Amino acid sequence: MKPAFELPSIFIALFGSLCLYLAGCSSRAAAPDIRYAPAGDLLDIIKDFQRLAREDSYRFPIPKDITGVNIMKATLLRLQDYEKKNPRQFTDIIQFNKALALERLREYDQAALAFRKVAESEGRLATEAAKNAEILDTFVRIVAKPLSAEDPFKHMEGLDEKVGAWNQLIQKHQGTPYEFLARVEEERIDRAKVAFVEANRYRLKEGNQLVVLGYSQLVTKHRQSKNIHRFLLDFGDFYALLAKEYASQYDPEGLSFDFKAFDQFAKSALKLYSEVAQMDGILEKIEAQGKIEAMRGLLEKITRLNR
Amino acid sequence: MKGKILRLGRPILLIAALFAGVPAGAQDIERVLDKMLNPLPEFDPFEKPAETPRFFPDETDKRARELMVDALTNRQDAVREHLQFFINEDGRLQKQHGAATGLTNHAQDLANNAIANRERYLAAQREALKNASSPERKKYLEAIINHDDLTQSNQLMRQSTTNFWGGMMNRMLSSVDLVGVASGNYIGAALETAISELYALADRDMSIEERRALARDLDHLKRYPDDPRNEEIRSRIETLDKMKRNALARKQIARASEAADKKDFEKARFHAELAANFDPESQDAQKALAQALKYLDAWDAGANKAPLAKAEPSRSAAERIDVEKLLVALSLRDAKQLERLAVDLDKKYQSKPLSDSAKDAEAVALEMRGRHEEAKRIVAQLSRSSVTPEAGNHAATLLQSPEYNLLASFHGAQGERRLETVKYVLLGEDLLRKNLLYAAGAMAAAGPAAAATLGTVNAILLGSNLYQVVTNNPVSAQPVIDAGVSYVRNHPNSSNSAEVYKVLADSYEERGMFDRAIAFHELAGSPQEKVAAVKEKAAKGLLNAAAKAKDRGTREYYLTRLVDQFADSPTAGAATKKLAEMAKDENQGLRMSKQFLMENPEIYGPNGLGLKASLFDGNPRNLEIANRGVNLVSDRELLVYYETPWGVRSQSYPLSAQMSDRFFVRLRDKNHQVALADVNQRAKGSIGGIHALPSAVLRAQPEKPEAKPDERDDTTFTLVREAGGRSYPRVLDHELLSENERNPGGNYKLPPIQGSISASRFSMSGALPTGLWGNQLAVGADRKGSFAGVQLPIPLLKDFIPVDFLIHGRPGGFSVYPRIHIGAASGEDPELYR
């Protein structure tokens, strides 16, 4: 028989464990409401904007402010509200920062307009604004250049010309925020080219090969882009589409179906999905994991049908 | 060379022959020398092919042909007539010669297959089962009857009910010693039972059997839309479908609630919406959705307030000029000027509100210059001491923002993991339940004195959890990795990056992702010894992976990767050696060991490779095959290893196309036989046929010419070009070994053993191999003392009442525990019914 005094100590230990467990389970402290307090004066608004506004908009997505909202959009709203509450105060500074936020949101014509307003004033801001307005005019001209809607080859030529024009701007404005903005635009056109070929692949000779080539070039050229994981997933999706099309064209239960051809399309898709799924700290990981599971299901189904 | 040896050897042999007094002609000497140089002269290891059976058509043959034609043209009356003929003919032959045509069963199958009505079809098969002539035929017919959807569904529903009630009974009976109860000790047992039941009822989920039954019922409806029992089946489907929707919704609600606890309301809404989709009538799902939406609305309302600005405070003219200067510098992102201005203004307006703004502006300037950690330090300082409380609060909020303070998120994730780990060590997965279970029985039996026993139990649980954490921490490091990667991606040159790189390296190392661990160790500037140690671990991991790889390609891939990536590691030498071994001719092609061939005589016999039986008789005088067996180098060449007095010698023989085809047909046939064999008779791991037989051999696809080397390059385009189909070589690189060669000593290994803690003592139990009478063996000690026992099915009750008795023998008596026999989850694709 063990001594009875051991009993309380064991219960105390158990009780302690229980308390610790409950403490761990309890919800975290509620988010402080101070996050949602109105921004302070203009200095506070501009400080927060400039603190978070990264220059490299090609490699990084637009940051979120402390409330979790896109800093460019939030700044525009805050400046608008500030203008209402403090009319005719620091107009040039407000317009200049609005222009900065607008250009990051790819509203080049509005940004150029705001810069031109600042350029009419005097001082350092005016000089800089005039220069920026001029650059943005080039941006607007390239964006607005029409593309042929009749002839697919002329459409492609038009896209190629735009890529060339953006490339020239990248070289010209190397090391400034406009280099990154031009890169963003170049990337968008490159992606649009692949999308165009993909949409018209059955009209083009060896269309599927061209799409694969396009995606390969896209993911090689824009390895540094913030969108690389999206491109890899899209590339994987294209292979998945080829696999599904192959399975629709040749009945997997029939004799004409070549499992190896299907399997190679599926494996190529899986390879690209896995590349994304093994990256840490990106949201596309969840999507890639789901796509891998989906592809496993398709492979299993087709394998059984073909058996 | 041979000529040289002959020239040298001839005089020696002549001399030896003279001394021996034997006249030796030049021809004899050459023969002896040839024999010495080639120990396998002209030996033909193949049997002469058996004569093709000659066949003279008779009435039976004519009937068989007609039967097939009538079955194909669906002439049921004629098929029945042929069946009757074969029944009569077999009866006659049995009486006269004791033999039969063996065609009656086939005729019966063809006749039965033509029946479209389910009930009649099954009745005909049951009738055939009654008259089954052999156990194989019986098994075959049983399989046909059991394959019926509705039969399967009914069986599954019965199994589900049995498992549910059996499980409940077993939980009750597990603490009921019939001998003990007979002597009046049942309070402890009752308490244990009540607690187990409470937990089990709370965990009630839809069983896999019920889900399978639902799928089978739906198949039945599709296959037999006019079956008279369909009304009843539809009603069962409705009930099961409702259960399934409830179960799916419950799981999503649990996830939504878990996400809401973590303040992840987007995720909570996602799962709540899914739950509502699964079961639109579920009140719980609606409640969870409403709660998530409420929180999200609150967030939106707060976020809408944030874009508001305040009126500009009144300032003196000098202050206004300074503010404007700051604003211009900020707008132009002129970091140098901004920093200079900020420092000056901080001094100028000391203890005034503008000094807060100046300090903060300095932080922004540092941020612009990429000195994030320094900037953060200023913000932290501001949060601790500021002139205005607004500035302090704003700085504190900024530091809490995961977007701005990624390092804090990283440290938070680290801290969270540590806390979870400690919680796991202290509490494990279900400490409360385990304690209640152990405490109830022990307290009832021994009163407060049982507390000591309970303490011991908890100490053991704690130790086991600690061991688990140290060897393989079950608390995931993924959140730490995600936060760390996010930090270094955003601030690669930050002064704190090295610390983060180090943690990331350790986390990846813990997860066995050595490539990344090495990269991060190098970035973190870890000592060379540490990097070398991780490299060695990685190399060993690749070597192990190569050893476990089933096919040659994968093995080669791992080994070459090891040699390429870790050329300096000590393991690279071993990998190179293995690669060299693999490159040898004798290690390529389809290899079959002597033991494997002896266990499968059909494969080497006259209907297989056609090797002489004398090669396997153990008599070295008529030449014996070596343990390495044979190697099918290509589909036209066989390499045979012989055991000779000079050691193992190999000889290559051509194979005719006919022999090669015959061999592959026999191999597939043997595989089929193995698959059909009784579970107690075939080798371990041979479900579905010979262990790891390449699927390409099984599928017997026609061999196609190899692609040209220039087409084989793995460019992306080859995928499209290969849509026409490229084939594999017919003779694959593979090794077929007997079970004992594959897993030496495997036959003598102990079955999986489970251990359990009962009060302060121990018990161990292990499953006995199938085929023995008992199905579980246990040794240990419980509160009544040491025991050794066996779980026995009761032969008399077998197939009547599914009860086993667990008998424990112990000094001074024995205990008997009844146990309901529960069916384990069986059937293919369990994941499709989860």
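In the predicted model, strand β2 (residues 624–634) of chain B and strand β3 (residues 637–644) of chain B are paired in the antiparallel sense, and six bridges make up this pairing. Within this pair, B:Val630 is placed opposite B:Val640 of β3(B), and the connection from β2(B) to β3(B) is a hairpin that passes through two residues. The strand β3(B) also pairs with strand β4 (residues 647–654) of chain B, again in the antiparallel sense, over eight bridges. One of the bridge partners can be named here, since B:Thr644 is matched with B:Gly647 in β4(B), and a hairpin of two residues leads from β3(B) to β4(B).

These strands belong to a chain whose secondary structure amounts to 35 helices and 11 strands. Chain B has 834 residues, of which 26% count as buried. When contacts in chain B between residues at least 6 apart in sequence are considered, 49% of them join residues that are at least 24 apart.

A single residue of chain B may serve as an example of local surroundings. B:Gln565 is located in helix α27 (residues 552–565) of chain B, and the C-beta atoms of 17 other residues lie within 10 Å of its own, so that B:Gln565 is classed as partly exposed, given that a residue counts as buried at 20 or more such atoms and as exposed at 12 or fewer. Although B:Gln565 and B:Asp515 are 50 residues apart along the chain, their C-alpha atoms are separated by 9.5 Å.

A further feature concerns helices from both chains. Two packed helices are described by the angle between their axes and the distance between the axes. For helix α2 (residues 42–52) of chain A and helix α15 (residues 317–331) of chain B, the axes come within 10 Å and cross at roughly 20°. Because angles under 35 degrees count as roughly parallel, α2(A) and α15(B) are described as roughly parallel to each other, and their crossing is left-handed. On the side of α2(A), the contact is made by A:Leu42, A:Leu43, A:Ile46, A:Lys47 and A:Gln50, while α15(B) contributes B:Val323, B:Leu326, B:Leu327, B:Leu330 and B:Ser331. Taken by character, the residues in this contact of α2(A) with α15(B) comprise seven that are nonpolar, two that are polar and one that is charged.

Key
Residues are numbered from 1 along each chain as its sequence is written. Chains are lettered from A and ligands numbered from 1 in the order in which they are written. This is a predicted model: local features need pLDDT of at least 70, side-chain atom pairs count only at pLDDT 80 or more; totals for chains, interfaces and linings use all residues. Helices (H or I, at least four residues) and strands (E, at least two) are DSSP runs, numbered from the N terminus. Two residues are in contact if their C-beta atoms, placed from the backbone, lie within 7 Å. Axes are lines fitted to C-alpha atoms, for helices over the stretch in contact, and angles run from 0 to 180 degrees between N-to-C directions. Angles under 35 degrees count as roughly parallel, over 145 as roughly antiparallel, 65 to 115 as roughly perpendicular and the rest as oblique. A crossing is left-handed if the near helix is turned anticlockwise from the far one by less than a right angle, and right-handed if clockwise. Ala, Val, Leu, Ile, Met, Phe, Trp, Tyr, Cys and Pro count as nonpolar, Asp, Glu, Lys and Arg as charged, and the others, Gly among them, as polar. Two strands pair if DSSP finds at least two bridges between them.
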